[in-house]
Amino acid sequence: MTVAAPRRGLVLPRWFRPNVSWSITWAYLALVLFLPLAGMLLKAAGVGPAAFWETATSPLALSTYRMSFGIAAAASLINGVFGLLIAWALIRSRFPGQRLLDALIDLPFALPTAVAGLALSFVYGPEGWLGGPIQRLTGLQVSFTPLGVAVAMVFISLPFVVRTVEPVLRSLEREQEEASWCLGASSAQTFVRVVLPQLMPAILAGIAQGFSRAVGEYGSVVMISSNVPFKDLITPTLIVQMIEEYDIDAATVIGSVMLIFSLVSLIVINALQVWGQRYQGGDASR
Amino acid sequence: MAFTIPPLQDIRPPRWVKPSFDGRQLLPALIPILACLYVGVVILVPALAVVVQAFAKGFGVFLDNFKSPELLAALRLTLIASAIAVPCNAIFGLAAATAIARHRFPGKALLLSIIDLPFSISPVVVGLMLVLLYSPTHGVFSGLLESTGWKVIFSLPGIVMATILVTFPFMAREVIPLLEEEGWEQEEAARTLGASNWQVFWKVTLPSVRWAALYGLILTTARALGEFGAVSVVSGNIRGETQTLPLFVEDAYKQYHTEMAFGAALVLAGVAIVSLLLKIAVEQLMDRDRSPGKETP
């Protein structure tokens, strides 16, 4: 392993070389993360390409992808709009209850998904506080339908855009906006031409994070959905059903598809954050 | 010729000058209202529902839930699994943070991304990965498990492993940015004064990141207590034996023991709310520590 020389041309001290903490890190990662990943790859490779493709593109699997990815995309886009709105309200205005709003945003991160699922399936159930009125007014049933899946995904992906946009919005220079309207731009023009382009990387990173989280979500969705194939069955629930039926090979195949999606989304999110660094004084490591 | 200068307070911008972007317009006033409405419907109403439903049949019924041996067993299992997983992840998190923040090497960004991986993998897939390794019938290690008689899947080790795998990034992610920001001058000074590695870690490194570490610990614990997807795949969900509290919530709801489900859910929601309050407190301590003059958001 090579280590770049520290700043100010100091001679590399002995303690700087690979040490205890370095060994613990790699041993732990190997045992906890790399071993399960390798096991999954091994099992997936054992399935064989033809069988893999057949299972991965079976009609049932395709219908769950449509459900998972489609609803997650809708939910994360909705949160893209409202996340920007909430971040704007938190940074650019002062109103009573702001601290409470700020604290509530983090609740979907903190609340166990089973609790979220229980609460949502009650609130949006046919007898629930919101589900009842919605059904009476519009005739739409929320729980046990794809709409319920969407509600759960909106809930769990809400914090992402707010939390990625907030720091960028805070560091924006007001002078730019003032210069813009001094030059005759309207509020809408200023927002679209001056503010939005600078926030865009953060918004997209937040949407991508929310999307990735919503696609993988299981706990809250499984409780509000009826889990009926071709109706509102999502991919993670399909994997669980396959494991329960001891169809481990099929579960491995669908699981690998999800794993590949996770890796791709991780790369996309990192790329968006690197892009966003241009607008933010460094620190994209968080 | 009378040429009077108007008094100062009468100078106002002419009508045609537009107010600044967030001036007194309708839209800026609407934004907080819309934001509050949205968060109210999406987050606050379900959160309140948990509290209201838990006490819907009175406080006595709520307390009676805790006489259920299945709920108590689930609570105990959750606490045991977290008590093993959280310290393991805390040690890893601190080791990884000191190792990564204090080294420069090619692929550092890649390693940070790899540590973040459990955040983007579906919990169900995490559970599946453990099943593929340790299942007595299908697992990679099935032969080894058979010869030694160890049981991982459908028992405590599997639940602990799932919890560890899902929660290990939190600590490292909170501590690394702070450690990189601080620089290593203080540690170098301690070493020139003759401190050993261990002394430097305990007396210099750890105190300088104590709030971030505490924050990471809170996040790890909250997530470990509430993990559902990964644990549900590996635990087998046997009532009173391998059922954790989040699994109990779902099971009770499915069995139409609604009060019991909401009672257990309130315990977990309480943990979540306490962790949020602690988080706010720790953030204020971190801000105070950084620089007294710096504005707090």
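This is a short tour of chain B, its contact with chain A, and one helix pair inside chain A. The model is predicted, so keep that in mind at each stop.

**Stop 1: chain B alone**

Select chain B and show it as a cartoon. Its secondary structure consists of 14 helices and zero strands. Step along from the N terminus and each element is α, in the order α-α-α-α-α-α-α-α-α-α-α-α-α-α. Now colour by burial. Of the 297 residues in chain B, 43% count as buried. Next, look at which parts of chain B touch one another. Take the contacts between residues at least 6 apart in sequence: 71% of them join residues at least 24 apart.

**Stop 2: where the chains meet**

Bring chain A back. The contact draws 82 residues from chain A and 73 residues from chain B. Which helix gives the largest share of the chain A side? Select residues 20-47 of chain A: this is helix 1, and 14 residues of that side come from it. Colour the chain A side by class. You will find 55 nonpolar, 19 polar and eight charged residues.

**Stop 3: helix 1 of chain A on helix 5 of chain B**

Keep helix 1 of chain A and add residues 123-134 of chain B, which form helix 5. The two axes come within 8 Å and cross at roughly 75°. An angle of 65 to 115 degrees counts as roughly perpendicular, so helix 1 of chain A is roughly perpendicular to helix 5 of chain B.

Show side chains here. From helix 1 of chain A, pick A:L35, A:P36, A:L37, A:G39, A:M40 and A:K43. They meet B:M129, B:L130, B:L132 and B:L133 in helix 5 of chain B. By class, this contact has eight nonpolar residues, one polar and one charged.

**Stop 4: a helix pair within chain A**

Hide chain B. Select residues 187-216 of chain A for helix 10, then residues 248-276 of chain A for helix 13. Their axes come within 9 Å, with a crossing of roughly 165°. Are these helices roughly parallel or roughly antiparallel? Over 145 degrees counts as roughly antiparallel, and helix 10 and helix 13 of chain A are therefore roughly antiparallel to each other. Their crossing is left-handed.

Now select the residues that meet. On helix 10 of chain A, they include A:P201, A:L204, A:A208 and A:V215. On helix 13 of chain A, A:M258, A:F261, A:I269 and A:W275 are among them. Colour this contact by class too: twelve nonpolar residues, seven polar and no charged.

Technical notes: Residues are numbered from 1 along each chain as its sequence is written. Chains are lettered from A and ligands numbered from 1 in the order in which they are written. This is a predicted model: local features need pLDDT of at least 70, side-chain atom pairs count only at pLDDT 80 or more; totals for chains, interfaces and linings use all residues. Helices (H or I, at least four residues) and strands (E, at least two) are DSSP runs, numbered from the N terminus. A residue is buried if 20 or more other C-beta atoms lie within 10 Å of its own, exposed if 12 or fewer, and partly exposed in between; C-beta atoms are placed from the backbone. Two residues are in contact if their C-beta atoms, placed from the backbone, lie within 7 Å. Ala, Val, Leu, Ile, Met, Phe, Trp, Tyr, Cys and Pro count as nonpolar, Asp, Glu, Lys and Arg as charged, and the others, Gly among them, as polar. Axes are lines fitted to C-alpha atoms, for helices over the stretch in contact, and angles run from 0 to 180 degrees between N-to-C directions. Angles under 35 degrees count as roughly parallel, over 145 as roughly antiparallel, 65 to 115 as roughly perpendicular and the rest as oblique. A crossing is left-handed if the near helix is turned anticlockwise from the far one by less than a right angle, and right-handed if clockwise.
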